[in-house]
Structure formats: structure tokens, C-alpha cells
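Here are my notes for you. Keep the model open and find each residue as you read.

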Amino acid sequence: MYINACSTISHQNSFQNENWINELVPLDIKSELITPDYKEFIAPAALRRMSKIIRMSLACSKDCIQQSGTETPDAIIVGTGLGCLADTEKFLNNTLTLTGLIPPTSFIQSTHNTIAGQISLELKNHNYNITHTQNSLSFEHALIDAILCLNEEDSNVLVGAADEAIPLLDELAKQFGLDEITHKLTSGASFFMLSNNKTEASKAQLVDSYTVGLNNSSPGDIIDDFLKRNGLTIGDIDNVLSNTFGTVSEFEIMDTFNATPVKPIDECSGYYFTNSAFGMHLGVEMLAQNSSKRILLYNTLNNSNIGLTLLQSLEA
Amino acid sequence: MSIYITGVGVISAIGLNVEENYQSLRNKKTGIEPINYFPSTKNILVGEVKLSSDDLIAQLNVTAPISRTSLLGLAAAKEAWEGNQHDASIRTGIISSTSVGGMDNSEQYYKQRLESDTPDISLITTHDSGTTTERIATALGISGYINTLSTACSSGANAIMLGARLIEQNRLDRVLVGGSDSFTNFTEEGFRSLMIYSDDWVKPFDENRNGLNLGEGGGFILLENEKSLNITNNKKLAALGGWANTADAYHQTASSPDGKGATLAISNALKIGNINPSEVSYVNAHGTGTPNNDLSESVALKNVFKEKVPPFSSTKSYTGHTLAASGAIEAVYSVLALQHNVIFPNLNYSTPITDTELVPEVNLNESHEVNVVLSNSFGFGGNNSTVIFKKA
């Protein structure tokens, strides 16, 4: 399966800039989410009503359409850990504070599938349209669904993930004693065009993705089994991208991967449930720039849930 | 490849298990009543599950904090899973679905936040939809493929479809699929803000229908392939006949007047299942009772079946609209229709919709063999799903 487009909105200079992976800057308290000129992608009247998560997702989707030249994807698949939080909170507060008739807009936009639904509306696309929401594994579940589609009759699948932060998350993190991540809780979106066809736009290949929820076995065994099913061993992997350095000890990850270099992504993506999608975009650009042949994305943002995604270069 | 249904579980306004639901459907007994269990001062009609969350926690032997959505899902999943064992050689997963997850607890948290400086923070820990499913998986001892779909009111049907595809592509051998949603003030106010919450009993497919009544509940079915069946020796209750999901791409909430997305979903499901429209014995309609849905769905049925629309009914006149759970609850009803050769009546109907003149089944119909049942679920965002069930 070929990755024919990638688009990410993050704290990095990642939008419509192929060189972004060479300009990575760790998040600090002052760094902000980039804001593309959304008017280039969304009509002003519609834009005014849209929350951040919808804007980000639509801009990334349309960017993927442009990059790949695929006007009509055969499926639109989205992963989101917490969905449209801003509109959910807004409507919730309205139900508690307003009397009489409440405006419906934030209710309409509160459902998780507003993202995929809005993409289908913007693209006038009638094909398979789905939303996965399994906290830290939401993106991997979307990817697995995309793989199913490409193994069926579909040729091109638009797949992505998005999450948005609201101030309440910081407040809760503090109360739960998660001080080290508090100012790094943020928003982000990454979308991809996957295809069975290699084109001039192809950047890398997606080999497989796999999840284990409520894991009760050794991560090392799960990784070995996953690689074995794909005819590989850990020695075939040039780089591991991990989104967990902040929450799992360095030693634990190094031990699992032995001599394979592990690159943390969380310090550049920040924390949100679908930051492994940021990792996938980073990995694709590393492969496109020939710095590696095979990359394993290792998602243990939530310690008991494991996500594995295997990428390889076009030549591999 | 054949995919079999070997377990069913349901909890809704018309019963706490499959048998109670079946008897209510046969006896035209609705579960939609003035609100009683949910703390509310409003005078509204709701299809509530007739048990408090505290009673559910005690019965299911779980610990608080847990959302009512998890509790309803667990009750149904447990019934569908009943008697099954874990076996390392059967790759087993669970796919649940919900539209609002732990909103029942979240809205309590927000209310407390407005009223006090020390809201109960544990209430917000059950908010995310993935956690809703993990609580169900934990109680049943399932680990591995654990996933949640959220496509508003078509979610339950989509969970069934995804489970089937994972089995077809040899990623799983056995998977519990379904969904749950609890009644919340959030969703009630939401549908009211759209002016589609009826203060009268819901009248699906009636010319004078004026909106939906919300319900709550959970539904699950257990899917297995041959390999799994060889080990479990479970009885085949029914088989999956086809499935499809499409996007209406017309409006964020309203369905298109030409029923484009729904027509595509029904016809694609028939095509995937290689089933001729004339083979369909019964359509368990989405039939929410809103002016928009029932018209659009009627048009879609006529588009696909022309002059020969099969007997159809909406069981939401019993349960209310259970949102994400509806596709899963109605999957259980579809299996019951196949098992007992029965078509369930549509309540509160008197006058056909002028534009389409379709007449739903209004009496318990036991006069025909029921071989193929088609179930529709349509949601916000123009998300349209059809799942077909057939005799095993």
C-alpha cells in the first residue's frame, strides 16, 4: 500500500512543507499550533461555525486531495480519541445555563463523526465513511480499517486522525498529578491518502498496522510476533518512533528494541490521543528522504494499549 | 466466507434481556413512558431501561465510577457472550459503539462544577467512548482487538459490519459487536434544539409524525467463523447476509429528499450479499419518526424495491431512539424475526405518508417464512448503513 499524500497541522512547521522534519523544535510553554490560511480550503461562512478540529481536518484532507490528485477517495476514515470537545463542552454548558430554546449548531457539531461527515460533504463523496474512537489507539484502528478497504475493492482511501484540546484537559491533568505533560496537552491533525497504486506522488509504503488493547503480555513478544507475521525481525527495522518517552522509562523502551535507535516524537507533537498519526507523517518523510528503509511506529501513549505500524521506503 | 451469529443480547425499554424484549414486541407493549428513573423535573416521554444505574452496578458486579452507557453495553454483551470460553486459538475481539459515551456522568460533572468548587473528578474519567468499551471488555476478560465506532445513530450497524470484515480478512475468528447509549439531558436537549423531539408517542411512517422519543439501551451479537465454531460448537442462530455504509453528503443532520445515501446503502448491501431484492422477507426500518427521516427512508425503499416494498416496521415505537445502540438492538430483533418467522408490528401508525403511501406492518405477522431481514440505520453526518441477516 502506497502513501500518496500526508498533511499535518501541529506545533511544527508541518503544513505544506516537505522539509519540516529537519526543522523540528521541542514544544515549550510558548509554542503554538500553526494556523494555515483556512480560507484557502474552506468557504468563509462555513469556516466561522467550525471548531478547530473540523478546520484542521478539512484543511489536511483537502491538502491530501491536492497532493495525490485523487479527487474521489473510495473511503473516508477518521480516528479521534476525544472527538469534537469544544462543541461538546459548548452545548453542555448551554444546556446547563440557558433556558428556553438552545441553538442547535454546537449539538450538531458535537458528534465524533462530524469530522468525517464534513469531509464527505465538502468533497461530495458518497463512499464508506467511518469514525473510530478508541482513545490512544484511535488512529491505528482507522489505519487497520483503511487496510481492510484496500484489500477489498477500494483503490484510494483518505485516512486521518485529529484531536482538539480544551482548557479543562490541563485543569484535569493537574488534578490527576500529571504535571510533566500539563503544558504539552494540545491539538493536532494528520491525514494521508493511501493507495494500491504507486504514482509520482508516492512517498513511502504502509505495510501493516496492529493493536492490542488491555494488553497482558510482554510488549517484546507482541512486537516480535507482529514483525514475524510480516516476514521481518527487529534487526530489519532502522528506526523506531515512539510517542511515549514522557510516560514510559527510557530503559524500558531501549530494552525492548535492543540496538535499534528509538526516536521520541512526543516532545515535538505534544500530547493528544492521536499523536501517533503525527509520528506516521514524520516516519513517511524520513523514508522519503532516504534516511531509513523501515520504520516501526510504537504507540504506547496509554501503557496498557499497544499500537504498531510498519512503514517502509518505496525501494524496500 | 460465512459469518455466523451465535449469541444475542439486548437491554432496552421493553426488557432486560432477549426473551423480555421478544415478548414485548409480540404483545405490542411499548417501553416509552413518562420519564421516571433519570433525575429530571421535565415531563417528557422516554424509552428508559427500567433499572437504576445503582441496580445495574450491583447486578453486573462492577465498581463505580462507570457510565450508564458502559453498564447497558455490558448487560447486553454479557448475555450475548454467555457460556463462551476464552481460547488462545480463537482470535477474539470486541467492537462497541456509542454516540455520547460517558456523557451521563460528564453532564453531572459539569453541573457540579457550576454549583461548587469541588466537583467529583471521578465522574469525568468515564467520558471517552473508548473507555466505555474497555470497561465492557475488562468485565468479559477480552483483550486484544478492542475498538469503538462513533457515527451517531448508525454506529451499532457499523460495528457489526466492521466485525464481519475483520473476520473475512482473517484478522479475527470471533468478535462481539454492538453498541450502547444511555439517556442524557445532553441528547434530549440536542434533539429538542433541532425541534425533532416529540412530546407525543413516536409515530414512525405516519403522515402526522412529529419527531422522535429518545430511548436508551444496549445490543450485542456474537459473530464467529467456521474455525471458531469448530472449537466452540455454538449453535448458529443466523448468518450475516450483507452490509454497506455510504455517505449521503447532503447535509450535516438532515437526510436528502431523494434518499441518495440510504438508497446506496440498501442496494450496495444487497449487492455485496448477492441477494435479490425479492428475497427480502422483512425490513426493520430506521424509522425514527422524524418528518425528514421517514420520508427519505420511504423514498429509498421505493427506489430499491420499486412497487414491491417488503413488509417493514420501525421498532423504535417500542424502544424509542437508542442512538448508537439502535442498529445493534435492531440486529437482535432481526435475528428474532428469523428464528421465529415473525414480523414485528409498527405502533402508533394510522395514515400513510402522502408522498410515498407506504404502509408499515401494524399487526404481528406470523404468516410467512422469514428468510432474509434487512436492517437500516442512518445517522448524523449523512451516515447510512444497512446490514442484512439471513437464516444460517
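How many aromatic pairs does a search of the whole structure find over all chains? The search finds 15. Bear in mind that this is a predicted model. The points below start with the rings, go on to the interface, and end with single residues.

1. **A ring pair between chains.** Begin with A:Phe107 and B:Phe380. Their ring centres are 5.9 Å apart. Their planes stand at 80° to each other, and the pair is edge-to-face. A:Phe107 belongs to helix H4 (residues 105–108) of chain A, while B:Phe380 is in the loop between strand E11 (372–379) and strand E12 (383–390) of chain B, so this pair joins two chains. Both A:Phe107 and B:Phe380 are buried.

2. **A stacked pair within chain A.** Now turn to A:Tyr210 and A:Phe226. Here the ring centres are 6.2 Å apart and the planes meet at 20°, so the pair is stacked. The angle decides this, because planes under 30 degrees apart count as stacked. The pair links distant parts of the chain. A:Tyr210 sits in strand E6 (residues 204–212) and A:Phe226 in helix H8 (residues 219–229), with their positions 16 residues apart in the count. Are the two partners buried or exposed? A:Tyr210 is partly exposed, because its relative accessibility is 29%. A:Phe226 is buried, because its value is 0%.

3. **A cluster of rings.** Which residues form one aromatic cluster? They are A:Phe91, A:Phe107, B:Phe186, B:Phe191 and B:Phe380. You have already met two of its members, A:Phe107 and B:Phe380, as an edge-to-face pair.

4. **Charges over rings.** Look at B:Arg165 next. Its charged end sits over the ring of A:Tyr128, at 4.9 Å from the ring centre. In chain B, B:Lys236 lies over the face of B:Tyr4. The distance to that ring centre is 4.3 Å.

5. **The interface in numbers.** How many residues does the contact take from each chain? Chain B gives 62 and chain A gives 60. Between them the two chains bury about 5000 Å², and 60% of that is on carbon and sulfur atoms. Three residues deserve a look: B:Tyr110, B:Phe186 and B:Gln252. They supply 14% of the area that chain B buries against chain A, more than any other three residues. B:Phe186 is also part of the aromatic cluster.

6. **Polar links across the interface.** The count between chain B and chain A is four salt bridges. One salt bridge connects B:Arg171 with A:Asp208, whose closest N and O atoms are 2.8 Å apart. There are also 28 residue pairs in polar contact across the interface, with both residues at pLDDT 80 or more. On the side of chain B that touches chain A, the elements giving two or more residues include helix H4 (103–115), helix H6 (155–168) and strand E8 (238–247) of chain B.

7. **A loop residue in chain A.** A:Asn215 is in the loop between E6 and H8 of chain A. Its relative accessibility is 18%, so A:Asn215 counts as buried. The side chain of A:Asn215 reaches the backbone oxygen of A:Ser217 at 2.8 Å. Beyond its neighbours within four places in sequence, A:Asn215 is in contact with A:Ile222, A:Ser304 and A:Ile306.

8. **A loop residue in chain B.** B:Tyr349 lies in the loop between helix H12 (326–340) and E11 of chain B. B:Tyr349 counts as buried because its relative accessibility is 15%. Its C-alpha atom is 8.7 Å from that of B:Arg209, although the two are 140 residues apart along the chain. Leaving aside neighbours within four places in sequence, the contacts of B:Tyr349 include B:Pro204, B:Phe205 and B:Val362.

9. **Backbone points to check.** Most residues other than glycine have a negative phi, and most peptide bonds are trans. The peptide bond from B:Ala64 to B:Pro65 is cis, with omega near 0°. B:Pro65 lies in the loop between helix H2 (53–60) and helix H3 (68–81) of chain B. B:Asn61 is in the loop between H2 and H3 of chain B. It is not a glycine, yet its phi is positive, at about 60°. B:Asn61 counts as exposed, because its relative accessibility is 69%. B:Asn233 has a positive phi of about 55° and is not a glycine either. B:Asn233 is exposed at 64% relative accessibility.

Definitions and conventions
Residues are numbered from 1 along each chain as its sequence is written. Chains are lettered from A and ligands numbered from 1 in the order in which they are written. This is a predicted model: local features need pLDDT of at least 70, side-chain atom pairs count only at pLDDT 80 or more; totals for chains, interfaces and linings use all residues. Side-chain values use heavy atoms; hydrogens and water are left out. Rings of Phe, Tyr and Trp (its six-membered ring) pair if their centres lie within 6.5 Å; planes under 30 degrees apart count as stacked, over 60 as edge-to-face and the rest as tilted. Helices (H or I, at least four residues) and strands (E, at least two) are DSSP runs, numbered from the N terminus. Buried means under 20% relative accessible area, exposed over 50%, partly exposed in between (1.4 Å probe, protein chains only). A charge sits over a ring if NZ of Lys or CZ of Arg is within 6 Å of the ring centre and within 35 degrees of the ring normal. Contact means heavy atoms within 4.5 Å. Buried area is the accessible area (1.4 Å probe) that two parts lose on being put together, summed over both. A salt bridge is a side-chain nitrogen of Lys or Arg within 4 Å of a carboxyl oxygen of Asp or Glu. A polar contact is a pair of N or O atoms within 3.5 Å; within protein, one must be able to donate a hydrogen and the other to accept it, and residues adjacent in sequence count only if both atoms are side-chain atoms.
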